[in-house]
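Me: Please take a close look at one part of this model, pair by pair, and then work outward to the rest of the assembly. Keep it to what can be read from the geometry.

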Protein chains: 2
Amino acid sequence: MLSVPEAQQRLLPEMYPLLQSRYRILQTVQLMQPIGRRTLADSLKMTEREIRKETDILREQGLLDSQKSGMVCTDEGEAVIDKLRALVYEWSGLTQLAKLLENHFGLQHVIVVPGDYNEDDTILTLLGKEAAQQFMETSFDGQTVAVTGGKSVASLAQFLHPADTHNITFVAARGGIGHEMRMQANTLVSTFAMQMNAQYRTLFLPEHLSEQAYQAMLTEPMVTEMMNYYDHADCVIHGIGSAEEMAVRRNSSPEDLRILEEKGAVSEAFGYYFNAEGEIVHRIRTIGIQFEQVQRSKKIIAVAAGKQKVKAMLSYFKVAPKQTVFITDEVAAKAIAEGLPSL
Amino acid sequence: MLSVPEAQQRLLPEMYPLLQSRYRILQTVQLMQPIGRRTLADSLKMTEREIRKETDILREQGLLDSQKSGMVCTDEGEAVIDKLRALVYEWSGLTQLAKLLENHFGLQHVIVVPGDYNEDDTILTLLGKEAAQQFMETSFDGQTVAVTGGKSVASLAQFLHPADTHNITFVAARGGIGHEMRMQANTLVSTFAMQMNAQYRTLFLPEHLSEQAYQAMLTEPMVTEMMNYYDHADCVIHGIGSAEEMAVRRNSSPEDLRILEEKGAVSEAFGYYFNAEGEIVHRIRTIGIQFEQVQRSKKIIAVAAGKQKVKAMLSYFKVAPKQTVFITDEVAAKAIAEGLPSL
DNA sequence: TATAGTGGGACGTAATTTAACCCACAACTA
DNA sequence: TAGTTGTGGGTTAAATTACGTCCCACTATA
């Protein structure tokens, strides 16, 4: 039988693309406010004229306000965004896509955000928003949260607010000092903690330790404290990387690169490298959370998007713990779905 | 807080009139099928081009089918109409309007049909559809239904079908032979009965009887049988007329007209004339159902529409029994609402 | 067989949308 | 403080679309 929204769509077929584009515009304004027509047009890959037409209507409807510094989303606009999110996602097939991945990988929950991570700058923000919401919804007093580095994980920062829950501790899931300070686990935990008025623990250690140094470190109080945190991690927030990309970014030695290639490493998550079958083939020799510890944690939030990471996702989700909540973008989700045998 | 349809309306304001007009077109096609563009355009007071544009879309959506003999509504089209009726009525404010009248007059149920009875030929059909549905919903075995004459009541005919309920008897609420045979109570009961495979009783009597003749008639077996039916009427289906109009149509004598005017008669229903305060000021001297008998019946369906009847409605509903279900058009309902003190 | 009504096609014109600017102003940055 | 970048609003010619209005071949029905 026909549902009301379906009937509506039949009677007004031209409504669907209009709703989608207008929703996208309003949503982007909300995320990037204050923002001007031209910047918005660039960001959404639309013409200035189209943006102008739509924003004029949105302004007339009181969902948008134009100030000297740019356009901002009104309270009513935000309410409309919230109310229509489910509908838009449903119509775009994102809900169905999410359910498909959820069932196939046996994950607790999958959220697919509309758009292409590589094409649209706002996608990263959307990922962060959804991930942050997932985290905030289930946060509880005194919990320990292990956090890895990366752009995807960093995107949560702006959406974390002080909550009713207290005594949250963010701990860097791995030690290590890379080039990009901004995206490092150590930096992120401090940012997250600041946003939520919470505590944090960092672990500044070189990434590539010799076997000797590694063993020596294990007895350091600073390290044992972290190990203790890892052992009691209630929640893990992590990204998923493609193996080559990660190895390069960590400027691994040519030797390591050779080993990775030899062993068929495809994906990387919290310092572990997995091959296409999801088997652990390598591990960064540094202090960090153990895979067993991740598996024991109550909640896992995995954030990763972009077509270039599809192979890595397919690899990692062969062994991903069932309590994982996975947040990705439309393009990646579709690419994954296409590769599945069920389609 | 904002509801989803409200939010949708805010984001896509231009969809509202489109939905309304397209729904109206599809609905009219359903009611008048098979029908052509031009006839449809005339009927809805739209241009042929607009009709064409919309029907093209509806055809593309599979809600409409074009045959040589005209356009017809598909099963899917009918499903869409049913699904969206509540939404369209809600958005048009018809539901609110109906509730307003319901509360003010203290009636069981009020249905307001969109449009103007005087401008749009399909309104009459819509009235009939709703009224018939109301009747069919509550019909039961062995019930007696008293039916008056008039266009409004006649409109039910095409929507009555054989139901699960048996032994229904339609009885003409009044005797009388006028000019327009088609709209007479006697004709209608036979039509209704034919449509529903039911029984019927007619009463062919002159409308204007002398006191002597009237008294004589009361003892006739044919009349006493009818009186008995009236006494056990389970349902009454009637129209509401404006007093002048009715008097003229019944070509009353100049004397009667004078009396009516003198007594301030405004409305007419089942042979009774009411003044602006709802008091009975006159009665046609003929055999027919008594007001007390109407009041005792379980269900009363009143059908009346058009701006010219507003005064009559306001008059009659001052005394209308509470079990009345009233079906009218948008223009009349709005006119009534404007005259109410609560606005 | 006559007639009224049907859907599809066509076409010039009117209305609307579009693209591409410019402008004055505000808010940052150096 | 001077300069630069980005802002919303305005304008105008061109392109596109929508529109009104016919015609046509066909088909039921009377």
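Reply: A convenient starting point is A:G241, whose bridge partner in β9(A) is A:E268. The model is a predicted one, and what follows should be read as a description of that prediction.

The strands β8(A) and β9(A), the latter covering residues 265–269, run antiparallel and are joined by two bridges. They belong to an open sheet of four strands in chain A, ordered β8-β9-β10-β11, with antiparallel pairing. The edge positions go to β8 (241–242) and β11 (280–283) of chain A; each has a single partner strand, so one side of each has no neighbour in the sheet. A helix also lies across this sheet: α13(A), residues 254–263, crosses β9, β10 (272–275) and β11 of chain A. The direction of α13(A) makes an angle of about 170° with β11(A).

The loop between β7 (235–239) and β8 of chain A holds A:I240. Is A:I240 buried or exposed? With 26 other C-beta atoms within 10 Å, A:I240 is buried, since the cut-off for that label is 20 or more. Its contacts, leaving aside neighbours within four places in sequence, are A:S267, A:A269, A:A302, A:A304, A:K309, A:A312, A:M313 and A:Y316. Among these, A:S267 and A:A269 fall within the residue range of β9(A). The C-alpha atoms of A:I240 and A:M313 are separated by 6.8 Å, although the two residues are 73 places apart along the chain.

For a β7 strand seen in its own sheet, turn to chain B. There, seven strands form an open sheet with parallel pairing, in the order β3-β13-β12-β7-β4-β5-β6. Its edge strands, β3 (109–113) and β6 (199–201) of chain B, each pair on one side only. Averaged over the sheet and ignoring direction, neighbouring strands are turned by 15° against each other.

Within that order, β7(B) pairs with β12(B), residues 299–303, in the parallel sense over five bridges; in this pairing B:G239 stands opposite B:V303. Helix α16(B), residues 330–339, packs on the sheet and touches β3 and β13 (324–329) of chain B. The direction of α16(B) makes about 105° with that of β13(B).

Three bridges join β7(B), residues 235–239, to β4(B), again running parallel, and here B:V147 stands opposite B:I237. On to β5(B), residues 169–172: β4(B) is joined to this strand by four bridges, also in parallel, with B:T144 opposite B:T169. Strand β4(B), residues 144–147, is covered on both faces. B:T144 and B:A146 point to one side and B:V145 and B:V147 to the other, and these four residues are buried.

B:V147 appears once more in the largest nonpolar core, which has 203 residues. The members touching the most other members are A:V147, A:F170, A:V189, B:L26, B:V147, B:F170 and B:V189. One of them, B:L26, touches B:L58, B:L63, B:L64, B:C73, B:G77, B:V80 and B:I81, not counting residues up to four places away in sequence.

Next, the contact between the two protein chains, which takes 21 residues from chain A and 21 from chain B. On the chain A side, α1 (4–11), α2 (15–32) and α5 (75–91) each give two or more residues. By class, that side has 16 nonpolar, two polar and three charged residues.

The DNA comes last. DNA strand C is surrounded by 15 residues, the closest being A:R49, B:G36, B:T39, B:G70 and B:M71. Two or more residues apiece come from α4 (48–60) of chain A and from α3 (37–44) and β2 (70–73) of chain B. The residues near DNA strand C divide into two nonpolar, seven polar and six charged.

Around DNA strand D there are 16 residues, with A:G36, A:T39, A:G70, B:T47 and B:R49 the closest. At least two residues each are supplied by α3 (37–44) and β2 (70–73) of chain A and by α4 (48–60) of chain B. The largest share, four residues, is that of α4(B). By class, the surface near DNA strand D has two nonpolar, seven polar and seven charged residues.

Key. Residues are numbered from 1 along each chain as its sequence is written. Chains are lettered from A and ligands numbered from 1 in the order in which they are written. This is a predicted model: local features need pLDDT of at least 70, side-chain atom pairs count only at pLDDT 80 or more; totals for chains, interfaces and linings use all residues. A residue is near a molecule or strand if its C-beta atom, placed from the backbone, lies within 6 Å of it. Ala, Val, Leu, Ile, Met, Phe, Trp, Tyr, Cys and Pro count as nonpolar, Asp, Glu, Lys and Arg as charged, and the others, Gly among them, as polar. Two residues are in contact if their C-beta atoms, placed from the backbone, lie within 7 Å. A nonpolar core is a set of buried Ala, Val, Leu, Ile, Met, Phe, Trp, Tyr and Cys residues joined through C-beta atoms within 7 Å. A residue is buried if 20 or more other C-beta atoms lie within 10 Å of its own, exposed if 12 or fewer, and partly exposed in between; C-beta atoms are placed from the backbone. Two strands pair if DSSP finds at least two bridges between them. Axes are lines fitted to C-alpha atoms, for helices over the stretch in contact, and angles run from 0 to 180 degrees between N-to-C directions.
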